[in-house]
Every structure is written in C-alpha cells, then in structure tokens.
Amino acid sequence: MTSLTTLFLLAFSAATLLPGGSEAALVAMAALSEHTTLTLLLVASAGNILGSVLNYALGRLALHYQNRKWFPATPAALDKARGWFTRWGQWAVLLAWVPIIGDPITVAAGVMRMNFALFLILVTISKTLRYMVVLGVVGVFF
C-alpha cells in the first residue's frame, strides 16, 4: 500500500465514528517531503470528506428505522431537532473538523435530511481548512 493510500484511509476513518486521527500521519508525510504539500492536502481532505459523506449516508439510512421501538428518538424529539437543525444546525457542519462532536454532526445532517450539496460544500470547507492549518499553509493559499 502506498503512503498516499494510507493517508487517504487514515483520513477517511478519522472522519467516521471510528476512533482515529490522521493529523500525525499528515505532518510526518509533509516532513518527509516525498509528496508536495498540495498533494497531501488534497489526499487527506478527500479521504476526510468522503468519511463525512459516509456518516451523512448512515444518518439518512437511520431514518428508515425511526418507527421501530428501539429507535433512540421519539417522533416529537425528531421534529424538535429538525426545527433546530433547520435554523442553526446546517452551519454547525462547519464544525465537522472538531474532535468528538464533528462526526455526530455529520450523522445528524443526514438524519435531518440536510441538502446534500450544501452539506458537501460546508464539510469541504471545514475539513480542508483544518488540514491547511495542520500543514501550516493557510498563508500560502490566502
């Protein structure tokens, strides 16, 4: 497996509900200078964004089970959450990069049936900016 594939898989898994992080691998690979900073940024961002897309899809899938007794939220709670998410939650997707709370936010976006195009734009901004900060290249792009 190549180092870029490993970086992609680490970034992908870090964005799912599985525990993990990709920042150390990204920094180590940047220090080794085997690949350009832009290549590393694109690979890590793509993996992390696609991991968030998986979370979104799992959230959408969860709705198929909302009428089951074991489903963790009542219809009233879902309606209340939809109202909050419609008003504020979409912008919370910009916090998808934050450890612990970011992954559940992306799942909630799917559960709340957030517009996928907007979800993808906000997650892309969030995840890519985080990796730019980790790489210390914000000034290069802005």
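A helix crossing is called right-handed when the near helix is turned clockwise from the far one by less than a right angle. Keep that in mind for this predicted model, where the crossing of α3 and α5 is right-handed. The chain comes to 7 helices and 0 strands, so from the N terminus the elements simply read α-α-α-α-α-α-α. Here's a quick tour of the overall layout, two helix pairs, the nonpolar cores and a handful of residues worth a click.

**Overall layout**

- The C-alpha trace spans about 55 × 35 × 20 Å along its principal axes.
- Of the 142 residues in the chain, 36% are buried.
- Take the contacts between residues at least 6 apart in sequence: 74% of them join residues at least 24 apart.

**Helix pair α3 and α5**

- Two packed helices are described by the angle between their axes and the distance between the axes.
- For α3 (residues 37-62) and α5 (residues 102-111), the axes come within 6 Å and cross at roughly 45 degrees.
- Angles under 35 degrees count as roughly parallel and 65 to 115 as roughly perpendicular, and α3 and α5 are therefore oblique to each other.
- On the α3 side, the contact is made by S52, N55, Y56, G59, R60 and A62; on the α5 side, D103, T106, V107, A109, G110 and V111 do the job.
- Sorted by class, this α3 and α5 contact has 5 nonpolar, 5 polar and 2 charged residues.

**Helix pair α1 and α3**

- Helix α3 also packs with α1 (residues 3-15), at an angle of about 35 degrees and with the axes 7 Å apart.
- The crossing of α1 and α3 is right-handed as well.
- From α1, the contact takes in L4, L7, F8, A11, F12, A14 and A15.
- From α3, the list runs T39, L40, V43, A44, A46, G47, N48, L50, G51, S52, L54 and N55.
- By class, the α1 and α3 contact splits into 13 nonpolar and 6 polar residues, with no charged ones.
- S52 and N55 of α3 turn up in the contact with α5 and again in the contact with α1.

**Nonpolar cores**

- In soluble globular proteins, nonpolar side chains tend to be buried together.
- The largest nonpolar core here has 19 residues, and F85, V93, A109, V111, M114, F119 and V123 have the most contacts inside it.
- Helices α3, α4 (75-92), α5 and α6 (116-135) each supply at least two residues of this core, and α5 gives the most, with 4 residues.
- V93 touches F85, I105, A109, M114, F119, L122, V123 and S126, leaving out residues up to four places away in sequence.
- Apart from the largest core lies another one, of 11 residues, among them L7, M29, Y131 and M132.
- L7 of α1 is also part of the contact with α3.

**Positive phi outside glycine**

- Most residues other than glycine have a negative phi.
- S33 goes the other way, with a positive phi of about 60 degrees. It sits in the loop between α2 (23-32) and α3, and S33 counts as exposed because its relative accessibility is 57%.
- R113 has a positive phi too, near 55 degrees. This arginine is in the loop between α5 and α6, and its 44% relative accessibility makes R113 partly exposed.

**Residues to click on**

- R130 belongs to helix α6 and, at 12% relative accessibility, counts as buried.
- Setting aside residues up to four places away in sequence, R130 touches E23, N48 and W97.
- R82 is in helix α4 and counts as partly exposed, at 25% relative accessibility.
- Beyond its neighbours within four places in sequence, R82 is in contact with L63, Q66, V111 and M112.
- R82 and E23 are 59 residues apart in sequence, and their C-alpha atoms are 33 Å apart in space.
- L61, in helix α3, is partly exposed at 42% relative accessibility.
- L61 and E23 are 38 residues apart along the chain, with 29 Å between their C-alpha atoms.

Methods. Residues are numbered from 1 along each chain as its sequence is written. This is a predicted model: local features need pLDDT of at least 70, side-chain atom pairs count only at pLDDT 80 or more; totals for chains, interfaces and linings use all residues. Side-chain values use heavy atoms; hydrogens and water are left out. Axes are lines fitted to C-alpha atoms, for helices over the stretch in contact, and angles run from 0 to 180 degrees between N-to-C directions. Angles under 35 degrees count as roughly parallel, over 145 as roughly antiparallel, 65 to 115 as roughly perpendicular and the rest as oblique. Contact means heavy atoms within 4.5 Å. Ala, Val, Leu, Ile, Met, Phe, Trp, Tyr, Cys and Pro count as nonpolar, Asp, Glu, Lys and Arg as charged, and the others, Gly among them, as polar. A nonpolar core is a set of buried Ala, Val, Leu, Ile, Met, Phe, Trp, Tyr and Cys residues joined through side-chain atoms within 4.5 Å. Buried means under 20% relative accessible area, exposed over 50%, partly exposed in between (1.4 Å probe, protein chains only).
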